[in-house]
Amino acid sequence: MIPFAVFAVLMLILLARTGAHAKSAPQEEADLAELPPVEKAADHLRCAVGFQTVVHDEMTDWEPFRELAAWLEQTYPLLHKEAFCTLLEGYTRVYCWKGTDSSLEPVLCTAHQDVVPQGDEQPWTHPPFSGIIDQGYLWGRGSLDMKAQMTALLESVEHLMQRGYRPRRDTYIVLGHDEETGGSGAQSAAEYFRKKGIRFFLLIDEGGCVSEGMMPGIDTPLAAIGIAEKGYADIELECTASGGHSSMPPGRTSLGILSQTLYDIERHRFPCRFPLVTRQFLSALRPHTSFPLRLALSNLWLFKPLVMQVLSKYPAGNAMLRTTTAVTMASGSDAPNVLPVTSTGTVNFRLLPGYSIVDIESFVQRQIKDRQITYRPLRCDLPSQVTSIDSDAYKLIEKTVSQVFPDAVTAPYLMTGGTDAKKYDDLCSGICRFSPYRLSRQDIDSMHAANERISLDNIETAMRFYLQLFANLDQQATDSQS
Ligand SMILES: [Zn+2]
């Protein structure tokens, strides 16, 4: 039994720590220049969606990319006159918009032109590449991921150029051409900058957004800014055994033996960790949570095991706490009555910061009990660097997000999916991943699925974000020099 005095002191500590994390007032919205007209921006996005820039691992049709390139040059004439454009691998576009002060570190804004295939056309309300505007939304593959962000950026730059504006910092724009297949466009752009010795103060790419109801216990809209990305690894396992007719089978087939190992890999999960980025995410949410949750989050020294246990019950929470394992593919023989000689299975891992392929391989080795099974890594991308929330770059993005979404609580977070941003890891310590939209669950679920769409409000908001970002970048450059 805890003596009453100790209990009372403990309660006082808990309450004091909980109270210390009360809500702070949101940032005031700065005065903004006039926005580009949303009707025109929506019409441009409609055209951009119309180019079927679908990438495949093999056999991509590059003709729509050539058409998109010609359209970009026609639609954004000042950009193509004032910002020098370099083509890499034929389709990745690197623009350099010279700033007024070359002594300052430049900024990089990235987007990708490519989209995933439409999938089955039947569930689409409107044809997948129509860009039709209906019910306040623009519908089509790539509208959300991420042609709206690409065109909002270009509209904003063209608009600022029309007004004779030049940023303080050199501003680079990279429009990649194969992000969805994890291709080499962004890699080539990074190599291009590396050769020129260019490093960036800030890199902004697609990422988190503003959403509601995504985290249990939080009613306030949440603006999640990606400061890191998990790593990615595919491991293929193979089992070989004797084949033959299935009418006289041995005790176990190669597929049966392999399945046991795949099951063990799934069952023996990686241990839960509490990485810094997840602690920072929860810390940012803390003042906006209900009292019991705030009590627990304010006193992780006591409640950490409980918080981890609760979070790990949800797939999204679990992904923030551990290197995840997903058995995704398997194959045996070609016919139901033929014993498989060779069976294969693939496991996909998403690595927390701090993990490497060595950790994945030793985990897989521990689960392999049968000598007939071999494995080989197919692909491995390490987790990204983690951007410091104390960096000027993060603070600038956080401020911009707070100004454009004054009702939202901003929080740094660990992205479980991949972006092109990771390719620039060694060129910038201020990488932030944010898509300046307010999205519902339904909107988010439309990404890479049928009925992908973006609201007209979001098209306008995205332009407001970029204009505010340019204004804040200039202000920050001035402040840093004074
Ligand atoms: Zn994307």
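This is a dialogue about reading the zinc site, salt bridges, cysteines and a surface patch in a predicted model.

Visitor: Which residues coordinate the zinc ion, and at what distances?

Guide: In this predicted model, the zinc ion is coordinated by His112 through NE2, by Asp145 through OD, and by Glu206, which appears twice with OE, at 1.9 to 2.6 Å. Along the chain these donors follow the spacing H-x32-D-x60-E. His112 and Asp145 link distant parts of the chain, since His112 belongs to strand 3 (residues 107-112) and Asp145 to helix 5 (residues 143-162), 33 residues apart.

Visitor: What are the angles among the 4 donor atoms, and how is the site classed?

Guide: The angles run from 54 to 150 degrees among the 4 donor atoms, and the site of the zinc ion is irregular. A tetrahedral label would need all angles to lie between 85 and 135 degrees.

Visitor: Are His112 and Asp145 buried or exposed?

Guide: His112 is buried, with a relative accessible area of 1%, and Asp145 is buried as well, at 6%.

Visitor: How many salt bridges does the structure hold, and where are the partners of the one between Asp170 and Lys98?

Guide: The general idea is that side chains of opposite charge can pair when their charged atoms come close. The structure holds 19 salt bridges, and in the one between Asp170 and Lys98 the closest N and O atoms are 3.1 Å apart. This pair links distant parts of the chain, with Asp170 in the loop between helix 5 and strand 6 (171-176) and Lys98 in the loop between strand 2 (92-97) and strand 3, 72 residues apart. Asp170 counts as buried at 7% relative accessibility, whereas Lys98 counts as partly exposed at 45%.

Visitor: Where do Asp445 and Arg441 lie?

Guide: Asp445 and Arg441 both lie in helix 14 (residues 441-445), 4 residues apart, which is about one turn of the helix. Their side chains meet in a salt bridge with an N to O distance of 3.2 Å. Asp445 is partly exposed at 43% relative accessibility, and Arg441 is partly exposed with a relative accessible area of 47%. Elsewhere, salt bridges that share partners join Glu191, Arg194 and Asp426 into one network.

Visitor: How many disulfides does a search of the whole structure find?

Guide: A disulfide is a covalent bond between the sulfur atoms of two cysteines. A search of the whole structure finds 0 disulfides. Cys85, for instance, is in no disulfide, and the nearest cysteine sulfur, that of Cys96, is 11 Å away.

Visitor: Why is the sulfur of Cys432 not in a bond with that of Cys428?

Guide: The sulfur of Cys432 is too far for a bond, because the closest cysteine sulfur, in Cys428, is 7.9 Å away, while a disulfide needs the sulfur atoms within 2.5 Å. As for accessibility, Cys432 counts as buried at 0%, whereas Cys85 counts as partly exposed at 25%.

Visitor: Which residues form a nonpolar patch on the surface?

Guide: Leu306, Val310 and Tyr314 form such a patch, and together they have about 280 Å² of accessible area. Tyr314 sits in the loop between helix 10 (300-311) and helix 11 (315-321). Tyr314 is partly exposed, with a relative accessible area of 44%, so Tyr314 passes the cut-off of over 30% relative accessible area that is applied to patch residues.

Technical notes. Residues numbered from 1 in each chain as written. Predicted model: local features only at pLDDT ≥ 70, side-chain atom pairs only at ≥ 80, totals over all residues. Heavy atoms only, no water. Patch = residues over 30% accessible without salt bridge, like charges linked within 9 Å, V, L, I, M, F, W, Y side chains within 5 Å. Areas by Shrake-Rupley, 256 points an atom, 1.4 Å probe, with all protein chains shown as cover. Salt bridge = Lys/Arg side-chain N within 4 Å of Asp/Glu carboxyl O. Helix = DSSP H or I, 4+ residues; strand = E, 2+ residues; numbered from the N terminus. Buried < 20%, exposed > 50% of the residue type's maximum accessible area, 1.4 Å probe, protein only. Donors = N, O, S within 2.8 Å, 3.2 Å for Na, K, Ca; no water. Tetrahedral: all angles 85-135°; square planar, octahedral: opposite > 155°, others 65-115°.
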